[in-house]
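Dear colleague,

I am passing the structure below on to you, and my notes on it follow. Please read them with the coordinates open beside you.

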Amino acid sequence: CLCSTTKKFKRMAFYFMNTLNNSLQKITLYPNLFSAQECQRIKEGPEGFKPSPVGTMDAYSLMVFDSQIRNSSSCPFFITPENFWVFKRICDTVLEANNQWYHFEIYRLIGTQVLEYKESQYYKFHTDIGTADLSSRKLSVVLFLSPPHDYQGGQLTFSHSTFQTPPQDQGTLVIFPSYMPHTVKPVTQGTRYTLVGWVHGPCFR
C-alpha cells in the first residue's frame with residue numbers, strides 16, 4: 001500500500017542521510033611524519049632515474065607517451081627488508097586517514113616511486129585514476145623528501161580544495177583521493193624529490 005511504500009522511502013532517506021561523506025575532496029596532511037634524516041635515507045635509496053612521460057591512449061587505442069604533460073624523472077621504490085619501515089609508517093597513516101575521513105574500500109599500496117623534478121620540469125593538471133591498471137586507484141600519497149630551501153617552484157596544487165597549495169615541508173605526507181585534479185608547477189631552481197604511491201581497492205561504482 002501507499003503507506004508502507006512511504007515508510008520504506010523514509011527509511012531509505014534516513015539511511016542515505018547517515019551515510020553521506022563530506023570528505024570526498026579532502027586533502028589530509030601529516031606534517032613531520034618523517035624526519036630530515038629519514039627523508040635523506042629514502043631519497044638516497046633509488047638509483048637510475050629515468051624520464052617518465054605520461055602514457056595516453058590515441059584514437060586507435062594505442063599507448064602514446066607525451067613528455068609535454070610531464071617531463072620529470074622517476075625511479076621505482078620497491079619494498080625490501082631494509083625499507084619496510086617506510087611502507088609500514090605510510091600504510092598505517094593511510095589507514096588512519098581512510099578510517100577517519102574517506103571510508104573507501106582499500107587493500108594495498110603499490111607503484112611507489114621517487115620522483116625527481118629539476119629546473120623547468122613539471123606535471124600538468126591531471127588525475128591519478130584512469131583505465132585498466134589505474135582504474136583501481138583510490139588514494140594518492142605524496143611524501144615531500146626535499147627541504148624547501150633546496151628548490152623553488154614545484155608546488156603541488158589542487159584545482160578544488162580548501163588547501164589549493166598545501167605546505168610542502170620536508171617529511172610531510174599528503175593523502176588525497178586519486179580522482180582529484182592536481183598539478184606540479186615548474187621547478188624554477190634546484191631539484192625537488194618526492195616519494196609517491198597509490199592505494200588501490202575495488203573500482204569506484
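**The loop between β1 and α2**

N32 is found in the loop between β1 and α2, and I should say at once that this, like everything below, is read from a predicted model. The phi angle of N32 is near 55°, a positive value in a residue other than glycine, and N32 is exposed, with a relative accessible area of 62%. Most residues other than glycine have a negative phi, which is the reason for listing such positions here.

L33 lies in that loop between β1 and α2 as well. Once neighbours within four places in sequence are left aside, L33 is in contact with E38, R89, T93, G171 and L173. One of these partners, T93, is 60 residues away from L33 along the chain, yet the two C-alpha atoms are separated by 9.0 Å.

**The chain as a whole**

The chain has three helices and 14 strands, and of its 205 residues 42% count as buried. If one takes the contacts in the chain with a separation of 6 or more, residues 24 or more positions apart account for 82% of them.

**Helices α2 and α3**

In α2, which spans residues 36–44, the buried residues are E38, C39, I42 and K43. Seen down the axis of α2, these buried residues fall within an arc of 135°, so they line one face of the helix. The face of α2 turned away from that buried side carries the exposed residues Q37, R41 and E44. As for what covers the buried residues of α2, the list includes α3, β6, β8 and β14.

Helix α3 runs over residues 84–102, has 19 residues, and reaches 25 Å from its first C-alpha to its last, which is close to the 27 Å expected at 1.5 Å a residue. Its buried residues are V86, F87, I90, T93, V94, A97, N98 and Y102. They cover an arc of only 140° around the axis, which puts them on the same side of α3. Against these buried residues of α3 pack β1 (28–30), α2, β6 (108–117), β8 (137–144), β11 (173–177) and β14 (192–200). T93, already mentioned as a contact of L33, is among the buried residues of α3.

**The end of α3 and a pocket**

Which residue just after α3 takes a positive phi? It is H103, with a phi of about 60°. H103 is also one of the residues that line the second largest pocket, whose lining is made up of N21, L24, Y102, H103, F104, E105, K138, P202, C203, F204 and R205. About 260 Å³ of space lies in this pocket, and the residues of its lining divide into six nonpolar, two polar and three charged. Y102 therefore has two entries in these notes, as a buried residue of α3 and, by the definition of a lining residue as one with an atom within 4 Å of a pocket point, as part of this lining.

**Strands β5 and β6, and the loop after β6**

S73 is found in strand β5, residues 73–76, and is buried, with a relative accessible area of 12%. Not counting residues up to four places away in sequence, S73 touches F49, K50, P51, S52, V114, L115, E116 and Q121.

T112 has its place in strand β6 and is buried, with a relative accessible area of 12%. Leaving aside the neighbours within four places in sequence, T112 is in contact with P76, F77, F87, V196 and G197. T112 and F77 are 35 residues apart along the chain, while their C-alpha atoms are separated by 5.3 Å. F87, another contact of T112, is one of the buried residues of α3, and β6 is among the elements against which the buried residues of α3 pack.

Is S120, in the loop between β6 and β7 (123–126), buried, exposed or partly exposed? At 49% relative accessibility, S120 counts as partly exposed, because exposed is reserved for values over 50%. The phi of S120 is near 75°, again a positive value in a residue other than glycine.

With best regards

Methods: Residues are numbered from 1 along each chain as its sequence is written. This is a predicted model: local features need pLDDT of at least 70, side-chain atom pairs count only at pLDDT 80 or more; totals for chains, interfaces and linings use all residues. Side-chain values use heavy atoms; hydrogens and water are left out. Helices (H or I, at least four residues) and strands (E, at least two) are DSSP runs, numbered from the N terminus. The expected span of a helix is 1.5 Å times one less than its number of residues. Buried means under 20% relative accessible area, exposed over 50%, partly exposed in between (1.4 Å probe, protein chains only). The arc is that of the directions from the helix axis to the C-beta atoms. Contact means heavy atoms within 4.5 Å. On a 1 Å grid over the protein atoms alone, a cavity is a set of points where a 1.4 Å probe fits but cannot get out, and a pocket is an open set with protein on both sides within 12 Å along at least five of seven lines; lining residues have an atom within 4 Å of a point. Grid points are joined across faces, edges and corners, and a volume is the space filled by probe spheres set on the points. Ala, Val, Leu, Ile, Met, Phe, Trp, Tyr, Cys and Pro count as nonpolar, Asp, Glu, Lys and Arg as charged, and the others, Gly among them, as polar.
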